[in-house]
Amino acid sequence: MADGCDRGGNGDGADDGRRGAANDVLEFAAETEDAADRVRHNPPWLILIVDDDHEVHAITRVVLGEMSFEERPVRFLSAYTARQARSLLVEHPGIAAILLDVVMETDDAGLKLVRHIREEMGNRQVRIILRTGQPGQAPERQVIAAYDINDYKAKSELTAQKLYTAAVAALRSYQHIATIERGRQGLGRVMEAADHLAGLRSRSQFLAGLVGRAAALLTDVQSAILCGMGEGDQPSILAEAGLPADLPAEVAADIVAVLGDGQARWGSRHGVTVLRSRDAAPLALCLLGGPFAEGDRPLVELLCTKAAVGLDNLRLYERLNQAQIATVHALGKLAEYKDEVTGDHVKRLGRWATAIARELYARNAFADELDDWFCDTIGLASVLHDVGKVGIPDAILRKPGRLDEAEMAVMRDHASIGGNILRDACGGDRRGYLSMGAEIAESHHEKFDGSGYPQGLAGDAIPLAGRIVAVADVFDALLHRRPYKKAWDIAEVLDLLRAESGSHFDPRVVDAFLAVLERDGAGA
């Protein structure tokens, strides 16, 4: 740094400034790959010396210069003022301990720095050892009570052994706190990953999401692979993130073993854990990279436990969804038996309704209502638009000519009948085929100006799904022959849609439908 806050002042080569850093780079470049790995995974502990006495820096480096803890060496940073110390703390967020003088540029510069570190920087991990040559200037009892420091030493009592003991105690305390913090952050990532996976509604998305979250869970992961047992008792890759060109034989053997006995296995450069399901074969999650810390393993295993529960829930969702689809088809067939035109009509209607919804979604219209679920659901839900006709007498439903006023009043009841049937069937579920089908059945005969039936709703009070199906239903009904009418020409149908846009139909829906027809054609 320009102000020399990382330089010793005695010129004896013991400083840790830019000259020392350059030497470190040259030394690293000459190391073997294994040695470089050791440096990368066992970085030095950073200890910051903050004192305005250059001799204190030199003595500290001499006394602790060969120190190592947990097979990691110690690197010293030097600051001679509180201002320099603040800069180094920002530049090196991983500083583990600070040997801090009280009296520097001011009588309480060190104490103010403590407050800055704890309160303004929010750094509660770094261990602070207060060293003072003037104990009377900062009485120990008062300082310990008022400031968040971890040790208090008078410089006169700091022998080489006591300084070493204090430094080791500070590093051990920092290590424990850092481990707890990493675990807390890792647990947060696991829970966030579980929440994300719980929102996925397809197996392929879930498996891809799982390996992506697993790869991001730990800093040293290079690849994540999810496997199931394939043919010939060989693992089959279901999803991967960063798949290596060649999977080591040891890793492949561990994957097979984990799929067989369900016991996690960890090597020097990989880990394999199991996803146990209640009603499906187990899966194996393999992480490559590392070396992984002992505290990493419970996080990975917890992620697998949460993911296994998520997979079970996804299977239940898929079964429920399949049951709803089967119910929709069954109800659609029931209506088809009552009305011979229903079969082909509902298929075309479903395609048009889906196309309109996706066109509106692409235009960012109705942003608070339209989403992927809506677009995926409306096509099948529209099959149920006329299910209420099961309650209409055949004499009226199959009458070859136009209905009189009394007959029309009975026919109009099918909207309410259909809505009631489906609303009872959906059991209060507001995001399903039956619940949307109930909305459509009850509202697709409402008109935008409020003159429709059964409730006389107007404008946005009419459910969006009903407004969409209203356009598609009228278009298809007019375009095809019915027992009581001949088929209209396409130009006549389009003229009617334009003429009744804003009265019968929502103009935004009509515009979207016309755009779909222009792009895809009426025969799509």
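**Figure 1. Close-up of E70, a partly exposed residue with positive phi.** E70 is partly exposed, at a relative accessible area of 47%. The model shown here and in the other views is predicted. The phi of E70 is positive, about 55°, although E70 is not a glycine. The residue sits in the loop between β2 (68-69) and β3 (72-79).

**Figure 2. The whole chain, for orientation.** The chain holds 18 helices and 11 strands. It has 524 residues, and 45% of them count as buried. Among contacts with a separation of 6 or more, 63% join residues 24 or more positions apart. The accessible surface of the chain is about 26000 Å². Carbon and sulfur atoms contribute 51% of that surface. A search of the whole structure gives 26 salt bridges; several appear in the views below.

**Figure 3. Close-up of N364, another non-glycine residue with positive phi.** Phi of N364 is about 60°. N364 belongs to the loop between α11 (342-362) and α12 (372-381). Its relative accessibility is 59%, so N364 counts as exposed.

**Figure 4. Close-up of the cis peptide bond from Y453 to P454.** Omega of this bond is near 10°. P454 lies in the loop that runs between α15 (433-443) and α16 (464-479).

**Figure 5. Close-up of a patch of negative charge on the surface.** The patch gathers D52, D53, E55 and E105. D53 is located in the loop between β1 (45-50) and α3 (54-64). Is D53 partly exposed or buried? With a relative accessible area of 35%, D53 is partly exposed.

**Figure 6. Close-up of the salt bridge between R124 and D148.** The closest N and O atoms of the pair are 3.2 Å apart. The pair links distant parts of the chain, the two residues being 24 residues apart. R124 lies in the loop between α5 (109-120) and β5 (127-132). D148 lies in the loop between α6 (140-146) and β6 (151-154). R124 counts as partly exposed, at 47% relative accessibility. D148 is partly exposed too, with a relative accessible area of 32%. Side chains of opposite charge can pair when their charged atoms come close.

**Figure 7. Close-up of a salt bridge within helix α7.** The side chains of E181 and R184 meet at 2.5 Å, N to O, in a salt bridge. Both residues lie in α7 (residues 160-198). How many residues apart are E181 and R184? They are three residues apart, about one turn of the helix. R184 counts as exposed, at 53% relative accessibility.

**Figure 8. Close-up of the salt bridge between D506 and R508.** The N to O distance in this bridge is 3.0 Å. D506 is buried: its relative accessible area is 1%. R508, by contrast, is partly exposed, with a relative accessible area of 36%. The bridge thus joins a buried acid to a partly exposed arginine.

**Figure 9. Close-up of a network of salt bridges.** Which residues are linked in the network? The members are E359, R363, R519 and D520.

Note on methods
Residues are numbered from 1 along each chain as its sequence is written. This is a predicted model: local features need pLDDT of at least 70, side-chain atom pairs count only at pLDDT 80 or more; totals for chains, interfaces and linings use all residues. Side-chain values use heavy atoms; hydrogens and water are left out. Helices (H or I, at least four residues) and strands (E, at least two) are DSSP runs, numbered from the N terminus. Buried means under 20% relative accessible area, exposed over 50%, partly exposed in between (1.4 Å probe, protein chains only). Patches are made of residues with over 30% relative accessible area and no salt bridge: like charges are joined within 9 Å, nonpolar side chains (Val, Leu, Ile, Met, Phe, Trp, Tyr) within 5 Å. Accessible areas come from the Shrake-Rupley method with a 1.4 Å probe; for residues, only the protein chains shown count as cover. A salt bridge is a side-chain nitrogen of Lys or Arg within 4 Å of a carboxyl oxygen of Asp or Glu. Lys and Arg count as positive and Asp and Glu as negative; His and the chain ends are not counted. The place of a charge is taken as NZ of Lys, CZ of Arg, CG of Asp or CD of Glu. Contact means heavy atoms within 4.5 Å.
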